[in-house]
Amino acid sequence: MTSITDTLVHFFILPWKEPQIWPLMAQFQDEMLSTHIYEASVVAHMLGAIACDVFGEDINPDRVAAMAIFHEGSEIAGMSDIPSPVKYHDPETTAAIKKLERRFEAMLIKTLPESLQARYTPLIEQDKDDDHVVLAKAADVLCAYLKTLE
């Protein structure tokens, strides 16, 4: 049986600390995955609050932030970041990379005790048609754009 300490260390702490994102840009500025996830989550929460409180949309800002926390599930599981121009070069490449990402997300879910897998599956294997996921993705893109301004 997996202890709660093992789960916390192996799922929530260790994988998030080291991976670099945007490795091709590393010669300009380093950024750890944990930093990116934090920033994207804060921006996602703000976008969710704006959608809900300003535009009256049926959006839960906390759920948008949660989606942003786990939006890099395949990278948390060990798959390196793949630059968008490569990932979206052509439909065949995109499909192959998405399939690989799903495999890594499934691996990440399997690191959890069975009693937690159902709770985290929708956060890690995200429904791209969910408005909360769309806003989390928008936050991710916005953060990438803001990085170019630094």
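1. Buried residues, meaning those under 20% relative accessible area (exposed is over 50%, partly exposed in between, with a 1.4 Å probe and protein chains only), make up 36% of the 150 residues in the protein. The model is a predicted one, in which local features need pLDDT of at least 70 and side-chain atom pairs count only at pLDDT 80 or more, while totals for chains, interfaces and linings use all residues. Residues are numbered from 1 along each chain as its sequence is written, and side-chain values use heavy atoms, with hydrogens and water left out.

2. On secondary structure, the protein has eight helices and zero strands, where helices (H or I, at least four residues) and strands (E, at least two) are DSSP runs numbered from the N terminus. Along the sequence this reads as α-α-α-α-α-α-α-α. Where contact means heavy atoms within 4.5 Å, 62% of the contacts between residues at least 6 apart in sequence join residues at least 24 apart.

3. Helix α3 (residues 61–69) has as its buried residues Pro61, Val64, Ala65, Ala66, Met67 and Ala68, and these buried residues pack against α2 (33–54), α7 (114–124) and α8. At the start of α3, the backbone nitrogen of Asp62 has a side-chain oxygen of Asn60 within 2.8 Å; for reference, a polar contact is a pair of N or O atoms within 3.5 Å, and within protein one must be able to donate a hydrogen and the other to accept it, residues adjacent in sequence counting only if both atoms are side-chain atoms.

4. Five salt bridges are found in a search of the whole structure, the criterion being a side-chain nitrogen of Lys or Arg within 4 Å of a carboxyl oxygen of Asp or Glu. One of them joins the side chains of Arg63 and Asp130, at 3.0 Å from N to O. Because Arg63 lies in helix α3 and Asp130 in the loop between α7 and α8, this pair ties together parts that are 67 residues apart in sequence. Arg63 is partly exposed at 33% relative accessibility, whereas Asp130, at 16%, counts as buried.

5. Helix α6 (residues 91–110) deserves a separate look, since Lys98, Glu101, Arg102 and Glu105 are linked in a network of salt bridges. Lys98 pairs with Glu101, with the closest N and O atoms 3.8 Å apart, and these two residues, being three residues apart in the helix, are separated by about one helical turn. Arg102 pairs with Glu105, with the closest N and O atoms 2.7 Å apart, and here too the partners lie three residues apart in α6, about one turn of the helix. An α-helix has 3.6 residues a turn, so residues three or four places apart point the same way. As to accessibility, Lys98 is partly exposed at 24% and Arg102 is partly exposed at 31%, whereas Glu101 is buried at 8% and Glu105 is buried at 4%.

6. Turning to the surface, the protein exposes about 9,200 Å², of which carbon and sulfur atoms supply 61%; accessible areas come from the Shrake-Rupley method with a 1.4 Å probe, and for residues only the protein chains shown count as cover. Leu142, Tyr145, Leu146 and Leu149 make a nonpolar surface patch of about 380 Å², patches being made of residues with over 30% relative accessible area and no salt bridge, with like charges joined within 9 Å and nonpolar side chains (Val, Leu, Ile, Met, Phe, Trp, Tyr) within 5 Å. Leu149 belongs to helix α8 (residues 131–149) and is exposed, with a relative accessible area of 55%.
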